[in-house]
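Walk through the empty space inside this protein, from enclosed voids to the open pocket.

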Amino acid sequence: MSSFSLRQMRELFLTKKLSPSEVVEDYLARIEKHQDTNIYITVNAQQARHQAALATQRYQLGEASGLLEGIPVAYKDNIFVRGLPNTAGSVIEKSFIPTQDAPAVRRMQQAGAINLGKLNLHEYAFGITSQNPFYGAVENPWNRRFSPGGSSGGSGAALAANLAMITLGTDTGGSIRIPAAACGVIGLKATRDIISCQGTRPISASLDHVGPLTKTVEDMTLSLEVLTGHDYLTHLPRSLKGLRIGVPTNYFWHQVDAAVGAAYERALQQLQALGAVLIEVDVPYTEADAGVVFALAICEGAAEHAERMAQYKDQYGTDVWAALSAAQNFSAVDYIKAKERQVQLTHQFEALLQDIDVLITPTTPVTAQEIGVNELEVDGQMQDLFGLIVHNCAPFNVTGHPALSLPCGLGQHAIPIGLQLVSAHHRERVLLQVAYAYERHYLADFYAQREQVALN
């Protein structure tokens, strides 16, 4: 089933060459076979079979109309799904069962999606490795000794392992784009608020986003249409001739791994060969601005967790407790200054992005590391892996600009490398058009490799 796109799968359903029930049984069998990868926390087998039977009947009667009718999907386990446990990757939440779907889930279900279950994540979405101390470390299908990134590690790994066709994740400092890069799939953090964050266990109201991960750009356009109600597919095959690509001269080159840098440069040359014009730009973001993300995330996260921290101190994982406890190092003045700087950066980046069509950076300066690694030696000094991994993604959580990660090669140990595309607010279409052109011309071999590494 892994080689089919959403559109191809629906065509097979419409021509009755395949049924949703057959597809769901195949996915459930694969999920059960690969439970040791720790990708799923909850498998929704009974309901998935019931939904698939109804979808099969609608296709047989010629009544199937939803864009995702019969398509198997899965949700990060901090996004509420009515009737299923929502652990948020924590033992504290293991008995919490939402009574309503999150708006994003409701849209997917209304479009006919089949809910396979809830996906593993870094505890409370507060990390970038998905090394969950309670539900197991999520394994990267490309190399199972390695992390799939985080915090939506299960959402990225499920696609690369062919254990779902679409997944939803959340992104506070890169938590959709980082797993997309590490797992060799497409991940989109759309313009802030065009996809509702209601019905999630939040970290930061100032930074949080909900968004889809898919295996192809076309699948991403259909997923985004379901989630927003807007058409992104019609104008997808746009020429890149004359398109202005901003190449940052500062900030995004901080401690970039040689393999990542080489893949990035090659991608720029390939886009230039498709007619795009490369324009060097200075971005209005410095290393000092990285503190804005941490101030907002930690202060707002600690406020969200205040009652739990008082009641369940001993039930947090070590790293998440340490991060939340760091809020005591910030004053009210620090928080207010961070909010003021957020407004400034948002306006400054929007002005820059009005002068170009797309800003392109490496998604992460380094590739995902082995499970258990939390520090990395760079230039002879040990660096915190978290700070390195979120470095290039987090600025666009601050500003709320749409940012998409797509594959652009492989690094050491055959771990994928991601290319990040960023545009002005509400210009998701141009991101998808650039990503589609790049995919169509340069990713066929990569996708063939991805099919080979998908768990058998």
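N78, A125, T170, T172, C197, T200, R201, P202, I203, D208, H209 and V210 line the second largest cavity of this predicted model. The space inside that cavity is about 60 Å³. Its lining is mixed: 5 residues are nonpolar, 5 are polar and 2 are charged. R201 and D208 are among the residues around this void.

Now turn to the largest cavity. Its volume is about 70 Å³. Two elements each give two or more residues to its lining: α6 (177-183) and β15 (416-422). I178, A181 and A182 are among the lining residues, as are P416, I417 and G418. The rest of the wall is made of V260, T364, V366, T367, A368 and I389. What is the chemical character of this lining? It has 9 nonpolar residues, 3 polar ones and no charged ones. In total, 4 cavities reach 30 Å³ or more.

Rolling a probe the size of a water molecule over the atoms reveals where space is left empty. Some of that space is open. The largest pocket holds about 760 Å³. Of its 39 lining residues, I128, F294, D384, F386 and G387 are the closest to the centre. Which elements supply at least two residues each to this lining? They are α9 (290-311), α10 (318-325), β13 (381-384) and α12 (385-390). By class, the pocket lining comprises 20 nonpolar, 16 polar and 3 charged residues.

Key: Residues are numbered from 1 along each chain as its sequence is written. This is a predicted model: local features need pLDDT of at least 70, side-chain atom pairs count only at pLDDT 80 or more; totals for chains, interfaces and linings use all residues. Side-chain values use heavy atoms; hydrogens and water are left out. On a 1 Å grid over the protein atoms alone, a cavity is a set of points where a 1.4 Å probe fits but cannot get out, and a pocket is an open set with protein on both sides within 12 Å along at least five of seven lines; lining residues have an atom within 4 Å of a point. Grid points are joined across faces, edges and corners, and a volume is the space filled by probe spheres set on the points. Helices (H or I, at least four residues) and strands (E, at least two) are DSSP runs, numbered from the N terminus. Ala, Val, Leu, Ile, Met, Phe, Trp, Tyr, Cys and Pro count as nonpolar, Asp, Glu, Lys and Arg as charged, and the others, Gly among them, as polar.
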